[in-house]
Amino acid sequence: MFKKLLGALPLLLFLGLFIQTNLLIASDVAFEEINAQITLFKSSTQQGLIITDEERSVVIDPIDRKTANEIKSFLQQTNKSSVTEIIYTHSHWDRIRGGEALKDKKTAIIAQKNCEIYFSGNKNKEVVEPNIYFDESYTLKIGEEILKLHYFGPSHGECMLIAELVNAKILFIPDLVSTKGARFPKDPTLPFLRPATLGAFFDSMQNLANAKQIDVFISGEFNEKTFGSTEIIKTGVFRVSSDLSKDCLMLAVTSGQRLVQFVNKKVIRCTWPM
Ligand SMILES: [Zn+2]
C-alpha cells in the first residue's frame, strides 16, 4: 500500500501543482481589448466592462476591492482616463463591491431606481451607494461610443439592467444569461428570481436585439467564449445551474405558457450538451 502511494507521488505532486497554478490564474484579473474604447475585464468567475475616451472611463460593475484596484492600475498603466462613472448592473454584492477604490468626489455611481431599497441601511463599507438612479433608460456618450442602460422589469432580482453598446452593437447581460445559454437556478422560488416577469424580460431583450440588429452579447459570467450569440436570448434556452450530475439539465422555455410549466417544476424538454 505504502509502495503504491510512493509510486503515485509524482502524479499527485503534478496534480497538486496543476491545481495550484489554475487557482493562481483564476485569482488574477485579466483585461481583453474589445475595441479601442471597450475593455473587458475578467476576475475569477465574474467579468465587467470599461468604456473609455480621452476624458472619462466608465466601469460596469467593479466586482470587488481587489478587482477595482487592478482596474485602477490598468487605467494608469495604459494612460487611460480615471473613473468618472461606475454603473451597478444590479444590487448583488458579488458584483458591486470595491467602488471606494475607484471613485473620487465627482464620480457618478449609477443604478436602476428599484435597487435603492437594497442600499438603505447598508453597512458594508465595500459597497458604495449610488448617487444617480434612473427609471427606464439612461444614456452616456463616451467619445464615439454610446452606452445605453435599459431596464426591462424584474428578472434576476428587482433592478437588473441590460447595457447596450450602441456603436459596437454589443449587449452586456450581467447575470441570468451566459455564453453557454440562459441560466436558471434549480429552485425557481429563490427570492432573487422573478419567474413571473422573466418572459416579458426576455421578450424585451429580444425586441432590442432585433430592432438594433445586435448579434452578440457579453455576459457578466466568465466563460471561455467572450461573445455569445443573441440567438440564445431569442430561443430562450435555460440551463439549470445546479446539480450538474443529473441527466436532465436543459429546459427550453420559449413562451410564457412554458415558463409557467417550468415554474410548476415540470421539465418540458431535455437536451445535453447544448
Ligand atoms: Zn446577481
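What share of the contacts in the chain with a separation of 6 or more comes from residues 24 or more positions apart? The figure is 58%. Keep that in mind as you click around this predicted model.

**Stop 1: colour by confidence**

Start with the whole chain, coloured by pLDDT. The average is 79, and 70% of the residues score at least 70. Now select residues 9–27: here the pLDDT is below 50, and the model has 2 contacts for this stretch beyond near neighbours in sequence. Next, select residues 237–274. The pLDDT stays under 50 there too, and the model has 63 contacts for them beyond four places in sequence.

Switch to cartoon and you'll have 7 helices and 17 strands to look at. Of the 274 residues in the chain, 35% are buried.

**Stop 2: the seven-stranded sheet**

Show strands E1 to E7. These 7 strands make an open sheet, ordered E1-E2-E3-E4-E5-E6-E7, with mixed pairing. Look at the two ends: E1 (29–33) and E7 (132–134) each have a single partner strand, so one side of each has no neighbour in the sheet. Rotate the view and check the twist, which averages 20 degrees between neighbouring strands, direction ignored.

Zoom in on E5, residues 83–87. How many of its 5 residues are buried? The count is 5, so to speak a full house. Now add the strands on either side of this one. E4 (residues 57–60) pairs with E5 in the parallel sense over 4 bridges, and Val58 stands opposite Glu85. To get from E4 to E5, follow the chain through helix H2 (residues 65–77); this β-α-β crossover is right-handed. With E6 (residues 108–112), E5 again pairs in the parallel sense, over 3 bridges. Pick Ile87 here and you'll find Ile110 of E6 opposite.

**Stop 3: Asp61, just past E4**

Select Asp61, in the loop between E4 and H2. Its phi is near 65 degrees, a positive value in a residue other than glycine. Most residues other than glycine have a negative phi. Is Asp61 buried or exposed? Asp61 is buried, because 30 other C-beta atoms lie within 10 Å, where 20 or more are needed.

**Stop 4: the nonpolar core**

Nonpolar side chains tend to be buried together in soluble globular proteins. Here the largest nonpolar core has 50 residues, and Val59, Ala163 and Phe172 have the most contacts inside it. Helix H5 (residues 195–211) gives the most to this core, with 5 residues.

Centre on Val59 and show what surrounds this residue. Which residues is Val59 in contact with, leaving aside neighbours within four places in sequence? They are Gly48, Ile50, Ile71, Val83, Ile86 and Leu102.

**Stop 5: the six-stranded sheet**

Now move to the other sheet on this tour. It is open and has 6 strands in the order E8-E9-E10-E11-E14-E15, with mixed pairing. E8 and E15 are the edge strands, each pairing on one side only.

Begin at the E8 edge. E8 (residues 137–142) and E9 (residues 145–151) run antiparallel, with 6 bridges between them; pick Thr139 and its bridge partner is Lys148. The two strands form a hairpin with 2 residues between them, and Gly143 in the turn has a positive phi of about 60 degrees.

Further along, select E11 (residues 170–173) and E14 (residues 216–219), which run parallel and are joined by 4 bridges. One pair to display is Ile173 with its bridge partner Ser219.

**Stop 6: Gln213, before E14**

Step back along the chain to Gln213, in the loop between H5 and E14. Phi is near 50 degrees here, another positive value in a residue other than glycine. Unlike Asp61, which is buried, Gln213 counts as exposed because it has 8 C-beta neighbours inside 10 Å. The cut-off for exposed is 12 or fewer.

**Stop 7: Gly228, at the E15 edge**

Finish at Gly228, found in strand E15 (residues 228–229). E15 is an edge strand, yet Gly228 counts as buried, with 23 C-beta neighbours inside 10 Å. Not counting residues up to four places away in sequence, Gly228 touches Thr179, Val216, Phe217 and Ser219. Keep Ser219 on screen: it is also the bridge partner of Ile173 from Stop 5.

For a last distance label, try the C-alpha atoms of Gly228 and Gly181. What separates these atoms? The distance is 8.2 Å, for residues 47 apart along the chain.

Note on methods:
Residues are numbered from 1 along each chain as its sequence is written. This is a predicted model: local features need pLDDT of at least 70, side-chain atom pairs count only at pLDDT 80 or more; totals for chains, interfaces and linings use all residues. A nonpolar core is a set of buried Ala, Val, Leu, Ile, Met, Phe, Trp, Tyr and Cys residues joined through C-beta atoms within 7 Å. Two residues are in contact if their C-beta atoms, placed from the backbone, lie within 7 Å. Two strands pair if DSSP finds at least two bridges between them. Axes are lines fitted to C-alpha atoms, for helices over the stretch in contact, and angles run from 0 to 180 degrees between N-to-C directions. pLDDT is the predictor's confidence in each residue, from 0 to 100. A crossover is right-handed if, with the strands pointing away from the viewer, the path from the first strand over the helix to the second runs clockwise.
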